[in-house]
Amino acid sequence: MKRIQVGIVGGTGYTGVELLRLLANHPAVEVKAITSRSEAGLAVADMFPNLRGIYDLAFSEPKLDVLSKCDVVFFATPHGVAMNMTPELIEAGVKVIDLAADFRIEDMDVWESWYGMPHACPEIMDEVVYGLPELNREKIRGARVIANPGCYPTAVQLGFYPLLKEGLVDIDHLIADAKSGISGAGRGAKVGSLAAETSEGFKAYGISGHRHLPEIRQGLEIMADAQVNLTFVPHLLPMIRGIEATLYGKLKSNISQEDLQKLYEETYAQECFVDVMPANSLPDTRMVKGSNMCRMAVYRPEGGDVVVVTSVIDNLVKGAAGQAVQNMNLMFDLEEDAGLTQVALMP
Ligand SMILES: NC(=O)C1=CN([C@@H]2O[C@H](COP(=O)(O)OP(=O)(O)OC[C@H]3O[C@@H](n4cnc5c(N)ncnc54)[C@H](OP(=O)(O)O)[C@@H]3O)[C@@H](O)[C@H]2O)C=CC1
Ligand SMILES: CC(=O)N[C@@H](CCC(=O)OP(=O)(O)O)C(=O)O
């Protein structure tokens, strides 16, 4: 069987190397090109020794003539890169999966105001599919361009989905209190990512506005089929991988803890990458570290009118590279979990 030819633009960041780690165990793909402008010519295994003996590839410049020979190209680049190359790639018959935010927001005015740049290809937005497989599986199968969801948006949307689709909570008062490990800030050197700045401390950030807010709101509004009011507060945790999102909603009617549990279990019963844990479980980021799983639990504390959901993912896997591979599997009619059966690391 001919293997799917893969290109990765932006191979020196954390999501790029995570794609390489996951694709190393994929039965149906071959990585043909991996780019870096600053490290062009360097062997991949010289930068990432965990890949020694697995990839005999060197970083190369991101060139359209090479990338357009691939079947699929992943962009593991900063925002604003994929949109400049995608129109020519899809014209050449290449499928595109963008791990950045270039295609995540449908309203171009909203996108441009949050990302601070003009969009390079608004004309292709109609055919872009938001790559959250648990919600958009059938559309993903037929897509040429996938907007891979953000890390916080993945944990938050999966956690709220059962409540919103059933209209169980007051959509004017949704709260997502989310925490991320430092790898979420990327591999680039920044003072804010230094060990001395991030260890032994814990803080909220982006309270007055984070670029994931419009993305999450867009997804929740599709689920609720109405405008929602969401308070989203991200926090930076002194750990490397993982996101925990604690979600709060005010119940509109009297539903028992048992029925909430049943709703969550039934909603995700067929999903290979969402695990609804038994009542009273406490999902921990360690339970998903290195794996493509989202684990969650639902509570109605003291039988009150607030429902609490806690949802955990690995930001680099289900929050980025793993979800991107899951999307690729759907686009190429492969088993959805191909290359993604890693069990979480413990401890
Ligand atoms: N870290 C995370 O948890 C998550 C990250 N993401 C998103 O994934 C994307 C990648 O993030 P991350 O892996 O952290 O890495 P970085 O943003 O640190 O890495 C960026 C990579 O892109 C390359 N690059 C930068 N500018 C360009 C350009 N103009 N043209 C081509 N290549 C370029 C860089 O190599 P070089 O400059 O040498 O070419 C480097 O390999 C980002 O958009 C991020 O927001 C999404 C979900 C989670
Ligand atoms: C801890 C940290 O800094 N996290 C990043 C979000 C992670 C990320 O890379 O965002 P995308 O998923 O949209 O690409 C932030 O708050 O900007």
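This is a friendly dialogue about reading the domains, a sheet, a buried helix residue and two ligand sites in a predicted model.

Visitor: Let me begin with the overall layout. Into which domains is the protein divided?

Guide: A domain can be made of more than one stretch of chain, so look at the ranges. Here domain 1 covers 4–149 + 318–331, and domain 2 covers 152–315. Their C-alpha centres lie 25 Å apart.

Visitor: How many residues does each domain bring to the contact?

Guide: Domain 1 brings 20 residues and domain 2 brings 23 residues. On the domain 1 side, α5 (108–115), α6 (133–141) and α11 (317–331) each supply at least two residues. Helix α11 gives the most, with six residues. By class, that side of domain 1 has 10 nonpolar, six polar and four charged residues.

Visitor: Let's take one residue of α11, A320, which lies in that helix. Is A320 buried or exposed?

Guide: To judge this, count the other C-beta atoms within 10 Å; 20 or more make a residue buried. A320 has 28, so it is buried.

Visitor: Which residues does A320 touch, leaving out those up to four places away in sequence?

Guide: The list is T15, E18, L99, N148, C151 and N315. It is also worth comparing sequence with space: A320 and A100 are 220 residues apart in sequence, and their C-alpha atoms are 8.8 Å apart in space.

Visitor: Now the sheet. In what order do its strands run?

Guide: Read a sheet from one edge to the other, strand by strand. This open sheet of six strands has the order β2-β1-β3-β4-β6-β5, and the pairing is parallel. The edges are β2 (29–35) and β5 (128–130), each of which pairs on one side only. Ignoring direction, neighbouring strands are turned by 20° against each other on average.

Visitor: How many bridges join β1 and β2?

Guide: There are six bridges, in the parallel sense. As one example, G7 has A33 in β2 as its bridge partner. Another pair to trace is β4 (residues 95–98) with β6 (residues 145–147): three bridges join these parallel strands. There, V96 stands opposite V145 in β6.

Visitor: Why is β1 described as largely enclosed by the rest of the structure?

Guide: Apply the burial count to each residue of the strand. Five of the six residues of β1 (residues 4–9) are buried, so the strand is largely enclosed by the rest of the structure.

Visitor: Let's turn to the ligands. How many residues surround ligand 1, and which are the closest?

Guide: The shell around ligand 1 holds 31 residues, and the closest are G10, G13, T15, A100 and G186. Next, ask which elements supply the shell: α1 (14–23) and α11 give two or more residues each, and α1 gives the most, with three residues. The domains matter to the picture too, as domain 1 and domain 2 each provide at least three residues of this shell.

Visitor: What is the make-up of that shell by class?

Guide: Around ligand 1 there are 11 nonpolar, 17 polar and three charged residues.

Visitor: And which residues are around ligand 2?

Guide: They are A100, A101, G150, C151, S180, G184, A185, P234 and L236. By class, this shell has six nonpolar, three polar and no charged residues. You have already met two of these names: A100 is among the closest residues to ligand 1, and C151 is one of the residues that A320 touches.

Definitions and conventions
Residues numbered from 1 in each chain as written. Chains lettered and ligands numbered in written order. Predicted model: local features only at pLDDT ≥ 70, side-chain atom pairs only at ≥ 80, totals over all residues. Near = placed C-beta within 6 Å. Nonpolar A, V, L, I, M, F, W, Y, C, P; charged D, E, K, R; others polar. Contact = placed C-beta atoms within 7 Å. Helix = DSSP H or I, 4+ residues; strand = E, 2+ residues; numbered from the N terminus. Buried ≥ 20, exposed ≤ 12 C-beta atoms within 10 Å, placed from the backbone. Pairing = 2+ DSSP bridges. Axes fitted to C-alpha atoms, helices over the stretch in contact; angles between N-to-C directions.
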